[in-house]
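Reader: I would like to learn how to read the features of a model one at a time. Please give the general idea, then the case at hand.

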Protein chains: 2
Amino acid sequence: MREALAWAAAGRGRVYELFVTDDARHAELVRAAVDAGVPVSPVTDRAAAALSETVTPQGVVAVCSPVDVPLEVASRGARLVAVLHGVSDPGNAGTVVRVADAAGADAVLFAGDTVDPHNGKCVRASTGSVFHLPVARSRSADEVFAACRAAGLRLIAADGYAPEDLVTADLRGDLTRPTAWVFGSEAHGLPDEVVASLDASLKVPIYGGAESLNLATAAAVCLYASARAHRA
Amino acid sequence: MREALAWAAAGRGRVYELFVTDDARHAELVRAAVDAGVPVSPVTDRAAAALSETVTPQGVVAVCSPVDVPLEVASRGARLVAVLHGVSDPGNAGTVVRVADAAGADAVLFAGDTVDPHNGKCVRASTGSVFHLPVARSRSADEVFAACRAAGLRLIAADGYAPEDLVTADLRGDLTRPTAWVFGSEAHGLPDEVVASLDASLKVPIYGGAESLNLATAAAVCLYASARAHRA
């Protein structure tokens, strides 16, 4: 919630209204909203639960303008981007936004059948990160890939079946280049034709007996490898 | 389920019985169980749901001997270990077991008030990894830390408030040593006195605006950094 107010204060979007329950924990937040000229309305616990579409509401709901920006704006000048392709689970998508934010990525692009970044579960799983870094989306994955290429980003498919792993690629210096990592759904990964259409594909090395990593942990290893290579 | 049968076949535990619904997908598994001398009993969908304590059961339930081994057995000769301290969420704990397995860790130790590794949600979140690598537990965290030290492992607290980050430590060569990473709960992290009692504390660097990573993604970055340093 603080993230939304900071985002609006930076001129990146608008918070239209705040609904809060009668809870002393919200006092500071209400003050910040009032100071920012945001109308604040009291609501019952039940109304807060209905508004936030969750069973354990925090008792604060903000009505904001959309967070997404045009693809070109999100990718311009970027050195590290996460692209989600066909990620339908909002919790997974939001967690990747959080990881991308932590790793210092410049944007997260929601491509194809990926969940809406404004989905409540996605916003919550991002723990405020949807307000930190630019988020863009397009139903056309090709449009997303074209925007990345236009921004000079190398498109790498994160693919558990890739012949080469990211450590090998990193040792060769491949991760120092501006990169857009493309992640597929947890259940199905990336379609073969998508992998084939990108500039490279790399897997996270599996040193033990596990078959795979889940989406968020794989994204953490990939994005942090690039973040580190960019700073070396 | 295949993991449980492989684990029993390796003499590491026992599968006492298999309960399966009438579903063609299970044919191969039933054959493998019968070949291994495991009694197989048919059950209704409803019984399978009740036995598996989940709303979307897969229709197969195995009754196994406990997977945990003594602390000394799990830590002996280990070079990379994950210790969970006060991790009460079974999904988080199971996901860390999966990540540790993928990163080639030698064991996962459940310390203090951490959830039981046999918790159904933990087993499911591990996607079979509780059967891949040794798992041990003790209500006494000190006992767990002592076992790690006896095995020659350096105990590193994964602590978001640590002054130094793991990349800096890695560049100095610190991660090449046999290491036990100690992870606290997602909500509260590690207690100060635990951090103070360990050999070192390191944070995952946060390059962007996020306040923190979640437990599983932080564990992925830490364990993969060590795994890579051990293989360099």
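Reader: What does B:Arg228 count as by its relative accessibility?

Author: The classes are buried (under 20% relative accessible area), exposed (over 50%) and partly exposed in between, with a 1.4 Å probe and protein chains only. B:Arg228 has 26% relative accessibility, so it counts as partly exposed. This is a predicted model, in which local features need pLDDT of at least 70 and side-chain atom pairs count only at pLDDT 80 or more, while totals for chains, interfaces and linings use all residues. Residues are numbered from 1 along each chain as its sequence is written, chains are lettered from A and ligands numbered from 1 in the order in which they are written, and side-chain values use heavy atoms, with hydrogens and water left out.

Reader: With which residue does B:Arg228 form a salt bridge?

Author: A salt bridge is a side-chain nitrogen of Lys or Arg within 4 Å of a carboxyl oxygen of Asp or Glu. The partner of B:Arg228 is A:Asp170, and their closest N and O atoms are 2.9 Å apart. The pair joins two chains, because B:Arg228 lies in helix H10 of chain B and A:Asp170 in helix H8 (residues 166–171) of chain A. Helices (H or I, at least four residues) and strands (E, at least two) are DSSP runs, numbered from the N terminus. A:Asp170 has a relative accessible area of 15%, so this residue is buried.

Reader: How many salt bridges are there between chain B and chain A?

Author: The count between the two chains is four. Over all chains, the structure holds 20. Another salt bridge is formed by the side chains of A:Glu211 and B:Arg2, at 3.4 Å from N to O.

Reader: Which elements of chain B give two or more residues to the side that touches chain A?

Author: Start with the polar contacts, each a pair of N or O atoms within 3.5 Å; within protein, one must be able to donate a hydrogen and the other to accept it, and residues adjacent in sequence count only if both atoms are side-chain atoms. Between chain B and chain A, 22 residue pairs are in polar contact, both residues being at pLDDT 80 or more. The elements on the chain B side are helices H1 (2–9), H5 (90–102), H8 (166–171) and H10 (215–231). H10(B) gives the most, with eight residues.

Reader: How many residues does each chain bring to the contact?

Author: Contact means heavy atoms within 4.5 Å. Chain B brings 34 residues and chain A brings 34. The copies meet through the same surface, because 100% of the interface residues of chain B are also interface residues in chain A. Buried area is the accessible area (1.4 Å probe) that two parts lose on being put together, summed over both. Here the two chains bury about 2,500 Å², and carbon and sulfur atoms give 59% of this area.

Reader: What turn lays chain B on chain A?

Author: Two copies of a chain are related by a rotation about an axis and a shift along it. Copies are superposed by least squares on the C-alpha atoms of residues with pLDDT of at least 70 in both. For chain B on chain A, the turn is 180°, the shift along the axis is 0.0 Å and the RMSD is 0.0 Å. That is the relation of a two-fold axis. The C-alpha of B:Thr217 is the one nearest the axis in chain B, 2.4 Å from it.

Reader: Which residues touch the most other members of the largest nonpolar core?

Author: In soluble globular proteins, nonpolar side chains tend to be buried together. A nonpolar core is a set of buried Ala, Val, Leu, Ile, Met, Phe, Trp, Tyr and Cys residues joined through side-chain atoms within 4.5 Å. The largest one has 109 residues, of which A:Trp181, A:Leu223, B:Trp181, B:Phe183 and B:Leu223 touch the most other members. Beyond four places in sequence, the contacts of B:Phe183 include B:Val83, B:Leu84, B:Ala158, B:Leu190, B:Cys222 and B:Leu223.

Reader: Where is A:Ala158 found?

Author: A:Ala158 is in strand S7 (residues 154–158) of chain A. Its C-alpha is separated by 7.7 Å from that of A:Cys222, although the two are 64 residues apart along the chain.

Reader: What is the phi of A:Thr127?

Author: A:Thr127 has a positive phi of about 45° and is not a glycine. The residue is in the loop between helix H6 (120–125) and strand S6 (135–138) of chain A. Its relative accessible area is 43%, so A:Thr127 is partly exposed. B:Thr127 also has a positive phi of about 45°.
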